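Me: I would like to go through this model step by step, asking for the reasoning behind each label. Please set each value against the criterion it has to meet.

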Amino acid sequence: MESGLSDLLSVSIDFETSHLFFPTLITWIMAVLFVLVVVTQVVPFLAAVRRGERALPILGESMDGLRFFGTLALIVAYFHLMTVVGDMFPYTGYGFLFVSIPFVFLMSLLYLHEWTRKALVIVTLNAFAAPSLAWLILAKLFQITLP
């Protein structure tokens, strides 16, 4: 009886794979959300296209190509550079922090409609504050390994 209780109260952590828990959890959440979007948005849209009620948008006609392709380029660069910078500072989360700041800044500029002094100050402050806060909470408070 005594050993059964101590087995229930003991915790063993496999440090070789424990850092993979959070990314795996996020991947599954994103996969479920993707399926929900496809089922609730894409399937009805394609059904409306087949019925002739809607038309498929033609590239460039109803799409902002600069923002679309700029977003794709920034996302690819973000994930690539996060690995490169993260390898320079292993297990510190600096890859996340140092790459997220310019990423948030450039994404914000890409979608900024009016380039006023006030808007640029807000974009700049947000570019530093949001990734820094996320880094402090995830890497320092919860000690989650970030790239």
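Me: Leaving aside its neighbours within four places in sequence, which residues is Gly70 in contact with?

Reply: This is a predicted model, and in it Gly70 is in contact with Gly65 and Leu110 once the neighbours within four places in sequence are left aside. Contact here requires heavy atoms within 4.5 Å. Gly70 itself is found in helix α3.

Me: Why is Gly70 called buried?

Reply: The relative accessible area of Gly70 is 18%, and the label buried applies under 20%, so Gly70 counts as buried. As for its distance from Val49, which is 21 residues away along the chain, the C-alpha atoms of the two are separated by 28 Å.

Me: What makes Leu125 exposed?

Reply: Leu125, whose place is in helix α5, has a relative accessibility of 56%; the label exposed requires a value over 50%, and therefore Leu125 counts as exposed. The C-alpha atoms of Leu125 and Ile29 lie 96 residues apart along the chain and are separated by 29 Å.

Me: Why is Phe22 called partly exposed?

Reply: Phe22 has a relative accessible area of 31%, and because the label buried needs a value under 20% and the label exposed a value over 50%, Phe22 is placed in between, as partly exposed. The place of Phe22 is in helix α2, residues 21–51. Although Phe22 and Leu146 are 124 residues apart in sequence, their C-alpha atoms are 9.9 Å apart in space.

Me: How do you know that Tyr91 is exposed, and where is Tyr91 found?

Reply: With a relative accessible area of 74%, set against the requirement of over 50%, Tyr91 is exposed. Tyr91 is found in the loop between α3 and α4, and its phi is near 60°, a positive value in a residue other than glycine.

Me: Which residues have the most contacts inside the largest nonpolar core, and which helices supply it?

Reply: The largest nonpolar core has 14 residues, and those with the most contacts inside it are Leu74, Tyr78, Phe96, Phe103, Trp135 and Leu146. Helices α3 (65–88), α4 (94–111) and α5 (117–141) each supply at least two residues of this core, and the largest share, 7 residues, comes from α4. One of the core residues named above, Phe96, is in contact with Tyr78, Met82, Pro131, Ala134, Trp135, Leu146 and Pro147, leaving aside its neighbours within four places in sequence.

Me: How many helices and strands does the protein have, and what makes it more spread out than a compact globule?

Reply: The protein has 5 helices and 0 strands, and from the N terminus on its elements run α-α-α-α-α. Its radius of gyration is 22 Å, whereas the globule rule gives 15 Å for 147 residues; the value is well over that figure, so the protein is more spread out than a compact globule. Taken along the principal axes, the C-alpha atoms fill a box of roughly 70 × 45 × 25 Å.

Me: What share of the residues counts as buried, and what share of the accessible surface belongs to carbon and sulfur atoms?

Reply: Of the 147 residues, 19% count as buried. The accessible surface comes to about 11,500 Å², and 73% of this surface belongs to carbon and sulfur atoms. Among the contacts with a separation of 6 or more, 51% are accounted for by residues 24 or more positions apart.

Technical notes: Residues numbered from 1 in each chain as written. Predicted model: local features only at pLDDT ≥ 70, side-chain atom pairs only at ≥ 80, totals over all residues. Heavy atoms only, no water. Helix = DSSP H or I, 4+ residues; strand = E, 2+ residues; numbered from the N terminus. Rg over C-alpha atoms; globule rule 2.2 N^0.38 Å. Buried < 20%, exposed > 50% of the residue type's maximum accessible area, 1.4 Å probe, protein only. Areas by Shrake-Rupley, 256 points an atom, 1.4 Å probe, with all protein chains shown as cover. Core = buried A, V, L, I, M, F, W, Y, C linked by side-chain atoms within 4.5 Å.
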